[in-house]
There are 2 protein chains.
Amino acid sequence: MNKDYTFTITNTLPGTMARAGVLHTPHGDIQTPVFTVGGTQATVKSLTPEMVKDMNGQAILANTYHLMLRPGADVVEKAGGLAKFMNWNGPTFTDSGGFQVFSLGMAYKKGIDATSHSAKGDAKHAKHSAGQLAKVDDEGVSFRSHIDGSPLRMTPESSMQLQWQIGADVHMAFDELTSPLAGPEYVRTALDRTHAWAERCVSEHAKQWEAHQKAGKPYQSLWPVIQGGRDEALRRESAKFLGALDVDGFGIGGVFEPGEIPDVVRWVCEELPDDKPRHLLGMGSAVSDLFLGVEYGIDTFDCIAFTRQARNGSIYTAAGKLNIKNAKFKTDFSPLDAACSCYTCTNYSRAYIHHLLRAEEILGLTLASIHNEYFVVNLVDQIRESVIDGSFMDFKKQYLAEFDPNLNTEKQA
Amino acid sequence: MNKDYTFTITNTLPGTMARAGVLHTPHGDIQTPVFTVGGTQATVKSLTPEMVKDMNGQAILANTYHLMLRPGADVVEKAGGLAKFMNWNGPTFTDSGGFQVFSLGMAYKKGIDATSHSAKGDAKHAKHSAGQLAKVDDEGVSFRSHIDGSPLRMTPESSMQLQWQIGADVHMAFDELTSPLAGPEYVRTALDRTHAWAERCVSEHAKQWEAHQKAGKPYQSLWPVIQGGRDEALRRESAKFLGALDVDGFGIGGVFEPGEIPDVVRWVCEELPDDKPRHLLGMGSAVSDLFLGVEYGIDTFDCIAFTRQARNGSIYTAAGKLNIKNAKFKTDFSPLDAACSCYTCTNYSRAYIHHLLRAEEILGLTLASIHNEYFVVNLVDQIRESVIDGSFMDFKKQYLAEFDPNLNTEKQA
C-alpha cells in the first residue's frame, strides 16, 4: 500500500506499558510520546508556527467543529489543507468535532448535562438537560452554532468528509461524548452508538481515501475514539470493539474528574492492539497524568489548558505554578523559571511579563504561552527520552516529588 | 566630550530640504530618515523584538506617561533601562509624557478641549473644557491617571528625571500641547510656557547627565518640542527659540488636521539649525506626509496608527488600503500585497488573515501588524535610499500616483 503512514515502536520499558516510537505521516515524522500543540481554529493561540517549531512542537491539533463554522472546511481545502493554510509545515491532527458538538454552549463544569436524553435518558439526570444545544439520534447530532445559533447537523459521514477536506494527517472518528453525570443506562446507549458510528466512519473513510488516492493525494489516517465513561467493563469492551477495526490508531475520549485518567488509560491500553498509536484527547493539565499516561501506554497527548492558563498569568515551573500577575513579581528580574530554556525565559524577566499582563499587552499573552507550552512539550520530550534510556521510573519519582501542584496559587494581589 | 551621541548628515538633495544621515547613539546607529516603531508601554503591540528587527525597525519609541504609571520608571531603571527591560537591543526614544498628560481621557476628535484654560483661556473655547482631567499652571501639570483616576503631577524637572530613569537614547522635553480649538491668545500663553519649560528641561537634563556620567552611565540626548499650533509666526518663533538652546535634536509637536503637517514642518525646519535631527511626533497615517516630511527636512517619524489600523483589519498596500475582514477575501489565497516582502506576505494568504481576524485570533493581530508596520518602515527606508541616490522626486511622484488613500475602504460585509 502507498499510505505513507506507519507507526514504529522503537523502545518499550519492561514492567510498564510505556513505549517510544515514530509516527510517520505524509507531513513528517513524530517522535512519540509527544504532546501535540493545540491549534483549534487553525492557529496556535498567540504563537507563530516558528515559535511552535522553536519549542520543538512536532504536531498541531485543530478542531473540525471550529473549522467547519469558520472559515469552512471547503476554504481550508482550497488553501491546500490545514498545514499549508496555517503555514505549518508539519504533521497535523483534527478532532472529529464530536466533543465540541456536545459540549460547546454547555456547562459541564457546572454539572449541567450536555445532551438531550429524551426517552432514552435516565430520569435522574433528565432535569439537567435544560438549555441544551445538541440533540442526538442514531443517525447523527443536530446542534446550533455557538457563533450565530444557526442550526447544523453532523453525522459520522459528514465528519469524515469535513476532515478529509481539512486534510490533517490524523482524523478522529465521530463519537458521542457522555457527561460525567450520565447514568449507566445512557452511557451504554451512547457507547453502542459510538461503536456503530465508528464503523460508519471506517466505511466513509475508505471511500474518501479511494477518491483522494485516485487524485494523487496523500493518505489521512483514521483513529476511532474509545468511550465508556468511568466504567471499567465498558471501557474494556469499547477498546476491544474499536481495536478490532481496520483503523490506524485510537483516541481515548471522555470527561474526567481529577485522578480518573490513569485507570481509564490502563484499562483501555491493556485491551488495544500494541502496534497502533493511542491519543489521550484533551487530557487536562495534571502534570502527573503525563507520566501516568505514558506509563500506561499513551503515545500522543493534547490539551489547551496550558496556554489558556498562560494567558491568565498562571505559569508552570519545575516547582509548580505561580501567578505572575502577583504584585511580588513587579521587580523580580529573574526568568519565569531559572531552569527553563524557552525563548521567554532566555530573554525576558518575570517583571516584564508581569508588566505586560497587567497592562493587557498582547505580547504578554505570547511570551507566557511560549513558556507554558514549552513546559509541557519539553516535559513530554524528557519523558520520551527517559523511556528510551530506561530512567523513566526514577525521572517520574523525582519530578513529581519536586513539582507541587498547589504552589503559589494565590490570586493577584 | 564623551557623550557617544552624534548626528552626521551624509546626503542632501538639492532643491529640497531633504537629507539622509546617521544618528549615532549609545545603543547603536540609526540611518535617517527613519520611521521609529511605536512601543508605548515598553512593547511594540503584538510583536516580538525579533519581528521588529526582521522588518528593519531601527528604533523604538516608548512613552514616559505610560511607563510612569505602569510599571513605574523606577522599575524600568532597575531592569537596566528601557532597551534591556523589553529585550530590544537597539536605540530607543521616549516621548515626554506631555502629549498624554494633556490628551488621555480627553476627546480631541470630538472637539473637546483638553486643558483647563481658567482665567487665561479664551471665553470662546472655555465651554469646551468640561470633563477636564489635566490642569496646567506655570510650574507643571496636575492630572489624573487614566488607569485608576489617582491624582498625579508632572513638571519639566520630573519628566526629565523619569526619562533618565527609563533610560532611552532620545528624550523629548516636557511641553504644553494645545488643542486645535484653542484660540490665538491661549496658544501664545502655552508657547511661552513650553519655551520656559524647555529651558528648565535643559537645566535638569544637565544635572542628570552629570550624575549619570559620574556613575559611568551612557549619555541620553534631549530634544525640545516645537509648538505654536497652525500659526506660521509662532511656529517660526518657537523653532528659533528652541533652536538656539544647547540641545541634541528637536521634536515637532501638535495636533493637526489633514493636510496641515507639511506647511508646519517647512516653517519649522527653515528656522532650525541644520546639524541636529528633527522628529515629527505622532505624524498620523497620511502616506503623503512621509514624503513631504522628508522633503521639508524631517529625519525621524513615529505614529501608532499603522499598527492600530492593522488590528482593525485595515491593511496598507502599494495601491492603497483594504479592509481584510471584507467577505470577498475569504477565499483569496494571494498575499496581503503581492509586491510586499514582509514575513506575513511571504508566508500567509489574505484568506488566512481574514479568517484569523474574523475569529478574533491573536495571531491575526500580530500578522496584520507586521505587515502594516513593515509597510511604513520599508517605505521610509525606500525614501531614504531615494534621497541618497537622488531619485526622491521621481519616487515620490510615482508612489503617490499609484497609492490611492481612498481605495477599498468599505466596511466589513
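Two strands count as paired here if DSSP finds at least two bridges between them. Keep that cut-off handy for the exercises below, and remember that this is a predicted model.

**Exercise 1.** Work out which way strand 4 and strand 5 of chain B run, and how many bridges join them.

*Solution.* Start with the residue ranges: strand 4 of chain B covers 34-38 and strand 5 covers 60-63. Next, count the bridges: there are 2, and at least two are needed for a pair. The two strands run parallel. For a spot to look at, find Val37(B), which stands opposite Ile60(B) in strand 5.

**Exercise 2.** Place that pair in its sheet, and find which strands of chain B stand at the edges.

*Solution.* Read off the order first: 11-10-6-5-4-15-14-13-12, an open sheet of 9 strands in chain B with parallel pairing. Now go to the two ends. Strand 11 (221-223) and strand 12 (225-226) of chain B each have a single partner strand, so one side of each is left without a neighbour in the sheet.

**Exercise 3.** Over in chain A, describe the sheet with the order 1-2-3, and say which helix lies across it.

*Solution.* This one is an open sheet of 3 strands, paired antiparallel. Its edge strands are strand 1 (6-12) and strand 3 (28-32), each pairing on one side only. From one strand to the next, the twist averages 15°. Zoom in on strand 1 and strand 2 (residues 19-25) of chain A: 6 bridges join them, and Asn11(A) has Ala20(A) in strand 2 as its bridge partner. Finally, helix 15 of chain A lies across strand 1, strand 2 and strand 3, at about 120° to strand 2.

**Exercise 4.** Find the buried residues of helix 11 in chain A and list what they pack against.

*Solution.* Helix 11 spans residues 287-295, and its buried residues are Asp289(A), Leu290(A), Phe291(A), Gly293(A), Val294(A) and Glu295(A). Their packing partners in chain A are three helices and two strands:

- helix 10 (261-271), helix 15 (362-389) and helix 16 (392-402)
- strand 14 (278-280) and strand 15 (300-302)

Past the helix comes Gly297(A), with a positive phi near 105°.

**Exercise 5.** Work out what rotation and shift superpose chain A on chain B.

*Solution.* The rotation is 180°, with 0.0 Å of shift along the axis and an RMSD of 0.0 Å. The two copies are thus related as by a two-fold rotation axis. In chain A, Ile362(A) comes closest to that axis, its C-alpha being at 3.8 Å. Now check the interface: 100% of the interface residues of chain A are also interface residues in chain B, so the copies meet through the same surface.

Notes. Residues numbered from 1 in each chain as written. Chains lettered and ligands numbered in written order. Predicted model: local features only at pLDDT ≥ 70, side-chain atom pairs only at ≥ 80, totals over all residues. Least-squares fit on C-alpha atoms with pLDDT ≥ 70 in both. Contact = placed C-beta atoms within 7 Å. Buried ≥ 20, exposed ≤ 12 C-beta atoms within 10 Å, placed from the backbone. Helix = DSSP H or I, 4+ residues; strand = E, 2+ residues; numbered from the N terminus. Axes fitted to C-alpha atoms, helices over the stretch in contact; angles between N-to-C directions.
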